[in-house]
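Colleague: Could you open the model and go through it with me? I have a handful of short questions and will jump between topics.

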Amino acid sequence: MALFNRKSTAAPTITEAPAVDPALAALTGTYTLDPAHSSIGFTVRHAMVTNVRGSFGEHEGTLVVDGTDPANSSASIDVRIASVDTGIADRDGHLVSGDFFDAEKFPLMTFRSTRAEQLGGEAYRITGDLTIKDVTRPLAIDLEFNGSATDVYGNERVGFEGSADILRSDWGLTWNAALETGGVMVSDKVKLTFDISAIKAAPAA
C-alpha cells in the first residue's frame, strides 16, 4: 500500500477527482515515535579502513499522516546527543565534547520536515531542516514505507526505514587527525540511518 498517492500521467478533466484509497485514508492521524522499537544511528569511516557504527538511545518525535492528502503530512524528531553509543565509552565521551557535538551547549539534534514525495513503489523522500549545534541545513531522507499494523496491545503502528548521507563539516563537525600513512582518522561523509516505528494517538475526546 502506498503512503503517498502516485502521480497520474493522464491529464485530469475538470470533473475528475483523485481517488482516495480507503486503507490509506484510515492511516490519517498523529503518531508518536516508539523509542523502544525505533533506532536512529550513523555509520562513519574510521582510519580509512573500517566503519564505526553508533546510535542515539534517546529520541522522540511526531509524525502527522494525512492519508487523504499526503502532501499535508509532516515529521518532527528530536535526538538527545548525550545518548550517543558507539560501544566504546571513551569514544562516546569524545563525540559529546567540544571537539564534536558539544552536547552540554547543544543538547539536541533536530529534524523538521518541509516536503514529502513518492519516488516509486513504497520508496519516498522526505525533505526538511536538520539542526546540529547551531547550524541548520536542508536534508533529504530516502525512506521505505514498511506498512501498518495493529500490535498485540491494540496500538495502530506505521513503520519506516531509510537513510541519508551528509558531510559532517557542513554542520561544523570538523575535528580530525592526520594518519602517518596518509588520510585522516574520521571521514567527512557520514551515513544517517532511521528505523522508525510510530504509534497512532487516540482521537481527542
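Colleague: Is Asp102 buried, exposed or partly exposed?

Modeller: Bearing in mind that this is a predicted model, Asp102 counts as partly exposed because its relative accessible area is 23%, and buried would require under 20%. Asp102 sits in the loop between helix H2 (89–96) and S7.

Colleague: And what is the phi of Asp102?

Modeller: Phi of Asp102 is near 50 degrees, which is a positive value in a residue other than glycine. Lys133 is another case, with a positive phi of about 55 degrees although it is not a glycine.

Colleague: Where does Lys133 lie, and is Lys133 buried or exposed?

Modeller: Lys133 lies in the loop between S8 and S9, and Lys133 counts as buried because its relative accessibility is 18%, under the 20% limit.

Colleague: Switching to charges, how many salt bridges does a search of the whole structure find?

Modeller: The search finds eight salt bridges. One of them joins Asp34 to Arg157, with the closest N and O atoms 2.9 Å apart. That pair links distant parts of the chain, since Asp34 is in the loop between strand S1 (29–33) and S2 while Arg157 is in strand S10, 123 residues apart.

Colleague: Are Asp34 and Arg157 buried or exposed?

Modeller: Asp34 is buried, and Arg157 is buried as well. Asp34 and Arg157 also belong to a network of salt bridges that includes Asp151.

Colleague: What packs around there from S11? I was looking at Ser197.

Modeller: Ser197 is found in strand S11 (residues 186–200), and setting aside its neighbours within four places in sequence, Ser197 is in contact with Thr32, Leu33, Asp34, His37, Ser38, Arg157 and Val158. Both partners of the salt bridge between Asp34 and Arg157 therefore appear among the contacts of Ser197, and Ser197 counts as buried because its relative accessibility is 12%.

Colleague: Which residue forms a salt bridge with Asp78?

Modeller: Asp78 forms a salt bridge with Arg112, and the closest N and O atoms are 2.8 Å apart. Asp78 lies in strand S5 and Arg112 in strand S7, so the pair ties together parts that are 34 residues apart in sequence. Asp78 counts as buried at 17% relative accessibility, whereas Arg112 counts as partly exposed at 35%.

Colleague: And what does Asp165 pair with?

Modeller: Asp165 forms a salt bridge with Lys189, where the closest N and O atoms are 3.8 Å apart. Asp165 lies in strand S10 and Lys189 in strand S11, so this pair ties together parts that are 24 residues apart in sequence. Asp165 is partly exposed, with a relative accessible area of 45%.

Colleague: What about Leu167, which residues is Leu167 in contact with?

Modeller: Leaving out neighbours within four places in sequence, Leu167 is in contact with Asp188 and Lys189. Leu167 is found in strand S10 (residues 156–167), and Leu167 is partly exposed, with a relative accessible area of 40%. From C-alpha to C-alpha, Leu167 and Lys191 are 8.8 Å apart in space, and they are 24 residues apart in sequence.

Colleague: Now the interior, how many cavities of 30 Å³ or more does the structure hold?

Modeller: The structure holds two cavities of 30 Å³ or more. The largest cavity has a volume of about 280 Å³ and is lined by 20 residues, of which Leu63, Ala75, Ile126, Leu143 and Phe160 lie nearest its centre. The lining of the largest cavity divides into 17 nonpolar residues, two polar and one charged.

Colleague: And what lines the second largest cavity?

Modeller: The second largest cavity, with a volume of about 90 Å³, is lined by residues including Ile40, Met109, Thr110, Phe111 and Phe194. The elements giving two or more residues to that lining are S5, S7 and S11, and S7 gives the most, with three residues. By class, the lining of the second largest cavity has nine nonpolar residues, one polar and no charged ones.

Colleague: Which residue stands opposite Ile40?

Modeller: Ile40 stands opposite Phe194 in S11, and Ile40 and Phe194 are both in the lining of the second largest cavity. Strand S2 (residues 39–46) and S11 run antiparallel and are joined by seven bridges. S2 also pairs in the antiparallel sense with strand S3 (residues 50–56) over seven bridges, and the bridge partner of Phe42 in S3 is Gly54.

Note on methods:
Residues numbered from 1 in each chain as written. Predicted model: local features only at pLDDT ≥ 70, side-chain atom pairs only at ≥ 80, totals over all residues. Heavy atoms only, no water. Helix = DSSP H or I, 4+ residues; strand = E, 2+ residues; numbered from the N terminus. Buried < 20%, exposed > 50% of the residue type's maximum accessible area, 1.4 Å probe, protein only. Contact = heavy atoms within 4.5 Å. 1 Å grid on protein atoms, 1.4 Å probe; cavity = no way out; pocket = protein on both sides within 12 Å on 5 of 7 lines; lining within 4 Å. Points joined across faces, edges and corners; volume = space filled by probe spheres on them. Nonpolar A, V, L, I, M, F, W, Y, C, P; charged D, E, K, R; others polar. Pairing = 2+ DSSP bridges. Salt bridge = Lys/Arg side-chain N within 4 Å of Asp/Glu carboxyl O.
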